[in-house]
Amino acid sequence: MALLRPLLLQYYITEQCNCRCRVCDIWRKGGTGEAALAVVVQRLQEARRLGVRFVDFTGGEPLLHPQLPEMLRAAQACGLKTTLTTNALLYPQRCKELAGLVHFLHFSLDGAEAEVHNRLRGAQAFDRVLSSLDQARSCGERPDITFTIGPHNLEQLPLLSRIAAELGLILIVNPVFRHQGYRPLSEQELSYIESFAGRPYVYINTAFHRLLRQGGNRIVRPRCRVMDSVLVISPDDQLLAPCYHFVQKTQQITDLAALFHSEWFRALKKQQGAFPLCAGCSLNCYFDPSFHYVLDRFFLDSLVAKLHYIRYKYLSPRAASNKPAAVVFNQIIAEKC
Ligand code: SF4
Ligand code: SF4
């Protein structure tokens, strides 16, 4: 199944971050770039006219951008669904100005225990995530918890899955990918993670597991469809190709549609997933949309996972617990002991 247009605009609005995550190289680059509001508004409108449906404001840490609310408002005004993933350090103080502007709000959490999360994040972020969960819910939001799982924090999955169910929030479980520096998840570890896939409020896209089991993307007959499915823009208004993490070419944007239809873009698109550095790639953020551009087993796995997400996000009654997140976390951790 070939969709003609990209579904997602991945907008890097800042290169700065206030966390020091072990798995991330963005903060190490020390970039200071920040997108200009007027340019962002123009690109959002151009993207929407191209058929894009979702915009993910990312970085760095997107909440460091002072004009994020205006950007979200502009995205909604032109009919885009908005996505935001944050480390939550600044969310408690920005909650009110963001209320109602984010369709898919994700808080990153690497463990159910403060010591695990703070160690992996390189910052005292755990308490902020918990207070962000409470504040977001009190502002009428229903955030998701994004859990990047690897051999280093596998044991946190049972706790987090119970906590998510108790809070009535979706736990998105994403496997670490190759260049994050951990050893790959073993077959046994993947099977263990999959045993949680049918649980209420746990979202595990087993298409990622299928990809990891085959050793990631293959450069002969690649499965990556990043340039079919995603447009990637940097803070300094460059279109990045094929993707942010392994950018090969950049082009200054004057008109997004003209660039999208250009020979430059078309030629690069023919090479998506086939560059030498694409061998073994399993970057979640690009494969998630890619899975929906070819009708195969990856597509079907991903579709099943999405239906599970929709069921618990929108169709299931919310969990009864209105307790503060800290109470729920402490209670479930205490039961473990
Ligand atoms: S919060 Fe995100 S951008 Fe910042 S260091 Fe961690 S992974 Fe990287
Ligand atoms: S590095 Fe990964 S996401 Fe980027 S083009 Fe290659 S396979 Fe696709």
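Just after helix α3, G79 takes a positive phi of about 90°, in what is a predicted model. The buried residues of α3, which spans residues 68-77, are L68, M71, L72, A74 and A75. Seen down the axis of α3, these buried residues fall within an arc of 160°, so they line one face of the helix. They pack against α2 (37-49), β2 and β3, and the two strands are taken up next.

**Strands β1, β2 and β3**

- Strand β2, made of residues 54-58, is mostly covered, since four of its five residues are buried.
- Strand β3, made of residues 81-86, is likewise mostly covered, with five of its six residues buried.
- β2 pairs in the parallel sense with strand β1 (residues 8-12) over five bridges, and F54 in β2 is the bridge partner of L8.
- β2 also pairs in the parallel sense with β3, over four bridges; here T82 in β3 is the bridge partner of V55, while F57 stands opposite L84 in β3.

**Helix α14**

- Helix α14 has 19 residues (residues 297-315), and at 1.5 Å a residue it should span 27 Å; because its end C-alpha atoms are 26 Å apart, the expected span and the computed distance agree.
- Which residues of α14 are buried? They are F298, D301, S302, A305, H308 and Y312.
- These buried residues cover an arc of only 120° around the axis, which means that they sit on the same side of α14.
- The face of α14 turned away from that buried side carries the exposed residues L307, R311, Y314 and L315.
- On the buried side, the residues of α14 pack against β7 (202-204) and α9 (206-213).

**Unusual backbone angles**

- Most residues other than glycine have a negative phi, and most peptide bonds are trans, so departures from either pattern deserve a second look.
- A88, which is not a glycine, has a positive phi of about 75°, and its place is in the loop between β3 and α4 (91-98).
- Is A88 buried or exposed? With 27 other C-beta atoms within 10 Å, A88 is buried, because a residue counts as buried once 20 or more other C-beta atoms lie within that distance.
- R221 is also not a glycine and has a positive phi, of about 55°; its place is in the loop between α9 and α10 (226-229).
- R221 has 8 other C-beta atoms within 10 Å and is therefore exposed, the cut-off for exposed residues being 12 or fewer.
- The peptide bond from A241 to P242 is cis, with omega near -5°, and P242 has its place in the loop between β9 (238-241) and β10 (249-252).

**Surroundings of the two ligands**

- The residues around ligand 1 are C17, C19, C21, C24, I26, W27, G59, G60, E61 and N87.
- How does the shell around ligand 1 divide by residue type, and how many of its residues are charged? Six of the residues are nonpolar, three are polar and one is charged.
- Ligand 2 is surrounded by 14 residues, and the closest are C224, P242, C243, C278 and C281; P242, among these, is the residue that follows A241 across the cis peptide bond.
- The shell around ligand 2 divides into eleven nonpolar residues, three polar ones and no charged ones.

**Residue Q238 in strand β9**

- Q238 has its place in strand β9, and with 17 C-beta neighbours inside 10 Å it counts as partly exposed.
- Leaving aside its neighbours within four places in sequence, Q238 is in contact with T250, Q251, Q252 and I253.
- Although Q238 and Q42 are 196 residues apart along the chain, their C-alpha atoms are separated by 13 Å.

Methods. Residues are numbered from 1 along each chain as its sequence is written. Chains are lettered from A and ligands numbered from 1 in the order in which they are written. This is a predicted model: local features need pLDDT of at least 70, side-chain atom pairs count only at pLDDT 80 or more; totals for chains, interfaces and linings use all residues. A residue is near a molecule or strand if its C-beta atom, placed from the backbone, lies within 6 Å of it. Ala, Val, Leu, Ile, Met, Phe, Trp, Tyr, Cys and Pro count as nonpolar, Asp, Glu, Lys and Arg as charged, and the others, Gly among them, as polar. The expected span of a helix is 1.5 Å times one less than its number of residues. The arc is that of the directions from the helix axis to the C-beta atoms. Two residues are in contact if their C-beta atoms, placed from the backbone, lie within 7 Å. Two strands pair if DSSP finds at least two bridges between them.
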